[in-house]
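Got the viewer open? Here is a short tour, one selection at a time.

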Amino acid sequence: VADVISIDPSDHKAVCDFAVEEGITLVVIGPEQPLEKGLADALRASDIDVFGPSAAAARLESSKGFSKDLMQRHGIPTAPFARFTAEQRDHALTYVNEHPLPVVIKYDGLAAGKGVVVADTTPQAVETVDAMLDGAFGENGIVIEGFLQGQEASVFAVCDGDLYVVLTPAQDHKRVGDGDVGKNTGGMGTYAPAPVVTDDVMQKVRERIIEPTLAGMKAEGTPFVGCLFCGLMIDNGEPSVVEFNARFGDPETQVVLSLLDVDVAALFASAARGTLAPYQWQTMIDERHERHAVCVVLASEGYPDSYRKGLPIRGIAAAEALPGVRVYHAGTKMVDGELVTNGGRVLGVTAVAGTLREARDRAYEACALIDFEGKTMRMDIASRALEKA
Ligand SMILES: Nc1ncnc2c1ncn2[C@@H]1O[C@H](COP(=O)(O)OP(=O)(O)OP(=O)(O)O)[C@@H](O)[C@H]1O
Ligand SMILES: [Mg+2]
């Protein structure tokens, strides 16, 4: 569905020149690093519409300290916290020593999903604080915060700096093994809608989280344009913010966009141009839950640690011949006309159906048709929601 071209996204001039030469009228920025580096600002300076926040607004993701301070200033529910720089190591160690367990320690900068440690013991917490202030991820400081109980869910808001529309809430499976055991990953599978986000919870997410965040960003001179990804913890129907991302997250996007009934290019263009108003009257969420999506990630053996690359992949066409199935590529590459593995998470096998059970069964049926050496997946995606139902 796309032409892949090779341009270094950190070379802003090259990206802008390409967009101008090709007459491109909308740029959607996917990953977080180019947002942090200000690619959206550079494109806007070249008069190109961008779906994605300015560097200043992307701090909601790129600086955990910035986002915690913003939430505190605007009364947005989140875990209690304190920020420390390397010069404040003694204070940080005193604070973490006195903190109830578990305690959460976060590097205040992008760390490719590795900069967060939930410490169950004080010695582990102390060691983490020392390592992060010694520069394990860079020269920024840290955030130390309280542990939130509950169930995690993600809500995406498409924002034009002023107005927003929410998309169907999703739930990810972060741990590598069935039953949520083993190492943290970038996500092993998702499903949507997530029943933990009831209509009542969604109303609270809008009023207590999304609206004050967007109003705060606008009032402070850094309006947020793009996808505000709210990582939430929901405890007894009360949502709090675990984190913000400033973009669509993977693999939640595979299920969320699969359930979207509008033309995404038109939706993103409206957000980029500050003209979301007509969409506000359109329901982006299928409130009767007539469609469900499940995405199962096929990973390389060994992920999230080391794994092999370059292994031939077969069976995608057969999988996509099943009704409602689409296979999204994450870590693949064409070598001499043959599709091979090229990453830890290789494919996002996604099925849409009338019930969650059907979508889950269809996704696994599709996964069984795809083959590569070392193919690894979780077998329990969406199963907790199915047990509850
Ligand atoms: N205060 C908290 N209480 C409980 N769990 C937490 C807390 N903060 C983080 N976590 C856990 O750690 C995970 C990672 O934290 P966070 O989302 O802040 O990190 P991240 O590296 O920015 O993640 P991502 O790669 O998804 O953007 C969360 O999904 C959650 O499971
Ligand atoms: Mg994040």
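Which residue in S14 is the bridge partner of Cys-230? Select Phe-244 and you have that partner. Before moving on, a note on the model: it is predicted, local features need pLDDT of at least 70, side-chain atom pairs count only at pLDDT 80 or more, and totals for chains, interfaces and linings use all residues. Residues are numbered from 1 along each chain as its sequence is written, chains are lettered from A and ligands numbered from 1 in the order in which they are written, and side-chain values use heavy atoms, with hydrogens and water left out.

Now select strand S13, residues 225-235 (strands are DSSP runs of E, at least two residues, and helices runs of H or I, at least four, numbered from the N terminus). Of its 11 residues, 10 are buried (under 20% relative accessible area with a 1.4 Å probe, protein chains only; exposed is over 50%, partly exposed in between).

Add S14, residues 238-245: it runs antiparallel to S13, joined by 7 bridges (strands pair if DSSP finds at least two bridges between them). The two form a hairpin with 2 residues between them, and Asn-236 in the turn has a positive phi of about 50 degrees.

Next comes S7, residues 151-160, which pairs with S13 in the antiparallel sense over 10 bridges. Look for Cys-159 opposite Gly-226.

Then jump to the loop between S12 and H8 for Pro-193; its peptide bond with Ala-192 is cis, omega about -5 degrees.

Last stop: Asp-47, in the loop between H3 and S2, has a positive phi near 65 degrees and is exposed at 72% relative accessible area.
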